[in-house]
Amino acid sequence: QANILNSLVYTFGSLLVALPFGMLLALLLNQPIRCRVLFRTVIIVPWIVSQIVTALLWGWLLSPQFGPVNFFIRTWFGAPFDFLGQTGAAMPTLILTNVWRSFPYPMLLLLAALQTIPEEMYEAARVDGAAAWQRFWRITLPLIRNTLLITTIMLSLHYFNMITLPLILTGGGPVGVTDVLSLRVYREAFNFYHMGLASAVAVYIFLFNIVFS
């Protein structure tokens with residue numbers, strides 16, 4: 001049960017941050033700003049980086065011994081903070097690391113959907129006196145709803161089945177607070193060689209994938 005709860009917290013916590021952030025960036029990059037192509041190219045870099053590299057990078061950044069983040073924390077507050085070793089901070093840190101890597105995916109899909117909306121619809125709404133938030137709720141959101149739904153499904157499956165990032169970054173610790181279901185399958189199968197138990201847990205993952213789909 002704890003593994004299932006951890007997986008749900010990890011999946012929905014990542015979705016609640018990655019989707020709005022990706023939407024915000026897509027809306028910004030859909031505007032006629034300077035160096036727009038350059039910004040789009042730079043922003044998708046985290047999605048290209050592998051999960052192993054992401055875990056090693058953020059493990060170094062947040063290291064309480066020699067990480068640059070804790071260097072500033074130690075300078076300002078006098079003592080480092082172990083982001084990955086504290087039970088209350090490990091899961092939020094893992095979620096934010098996952099969001100940093102995966103937010104370009106919803107951003108790209110939603111940006112492509114935004115570019116299919118005719119500009120004439122926004123011009124007509126402006127003539128009718130619609131404010132920016134009204135144009136978003138009445139025009140943008142309904143027209144990209146299908147893309148948003150597909151993006152949510154794809155991300156939920158990706159997050160729920162993810163193993164490399166939690167394995168390298170936290171290993172399921174501390175005290176099992178980041179021990180997600182996929183990590184339990186990996187450990188039971190390849191660390192303890194409990195193939196029957198690992199297969200049984202994998203069936204649960206399969207059922208959750210059906211539910212998400």
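How many salt bridges does the structure hold? Let's keep that in mind while we look around together. One thing to say up front: this is a predicted model.

Let's start with the overall picture. The chain has 13 helices and zero strands, so if you read along the sequence, by runs of secondary structure, you meet α again and again. The C-alpha trace spans about 65 × 50 × 25 Å along its principal axes. There are 213 residues, and 39% of them count as buried. Take the contacts between residues at least 6 apart in sequence: 67% of these join residues at least 24 apart. On the outside, the chain exposes about 12000 Å², with carbon and sulfur atoms supplying 70% of that. As for charge, there are 11 positive and 7 negative side chains, and the centres of the two sets lie 4 Å apart.

Now back to the opening question. The structure holds three salt bridges, and we can visit each one.

The first stop is Arg126 with Glu119, where the closest N and O atoms are 3.4 Å apart. Arg126 is partly exposed, at 42% relative accessible area, and Glu119 is partly exposed too, at 38%.

The next stop is Asp179 with Arg187, whose closest N and O atoms are 2.5 Å apart. Here both residues are buried.

Then there is Glu188 with Arg184, with 2.9 Å between the closest N and O atoms. Both lie in helix H12, four residues apart, which is about one turn of the helix. Glu188 is buried, with a relative accessible area of 8%, whereas Arg184 is partly exposed at 24%.

Let's finish with some backbone details. As background, most residues other than glycine have a negative phi, and most peptide bonds are trans. With that in mind, please find the loop between helix H11 (164-169) and helix H12 (181-190), where Pro174 lies. The peptide bond from Gly173 to Pro174 is cis, with omega near -5°. Val175 is in the loop between H11 and H12 as well, and Val175 has a positive phi of about 55° although it is not a glycine. Is Val175 buried or exposed? Val175 is exposed, with a relative accessible area of 77%.

Where does Cys35 lie? You will find Cys35 in the loop between helix H1 (2-29) and helix H2 (36-43). Cys35 also has a positive phi, near 60°, in a residue other than glycine. Its relative accessible area is 48%, so Cys35 counts as partly exposed.

Methods:
Residues numbered from 1 in each chain as written. Predicted model: local features only at pLDDT ≥ 70, side-chain atom pairs only at ≥ 80, totals over all residues. Heavy atoms only, no water. Helix = DSSP H or I, 4+ residues; strand = E, 2+ residues; numbered from the N terminus. Buried < 20%, exposed > 50% of the residue type's maximum accessible area, 1.4 Å probe, protein only. Contact = heavy atoms within 4.5 Å. Areas by Shrake-Rupley, 256 points an atom, 1.4 Å probe, with all protein chains shown as cover. Lys, Arg positive; Asp, Glu negative; His and termini not counted. Charge placed at Lys NZ, Arg CZ, Asp CG, Glu CD. Salt bridge = Lys/Arg side-chain N within 4 Å of Asp/Glu carboxyl O.
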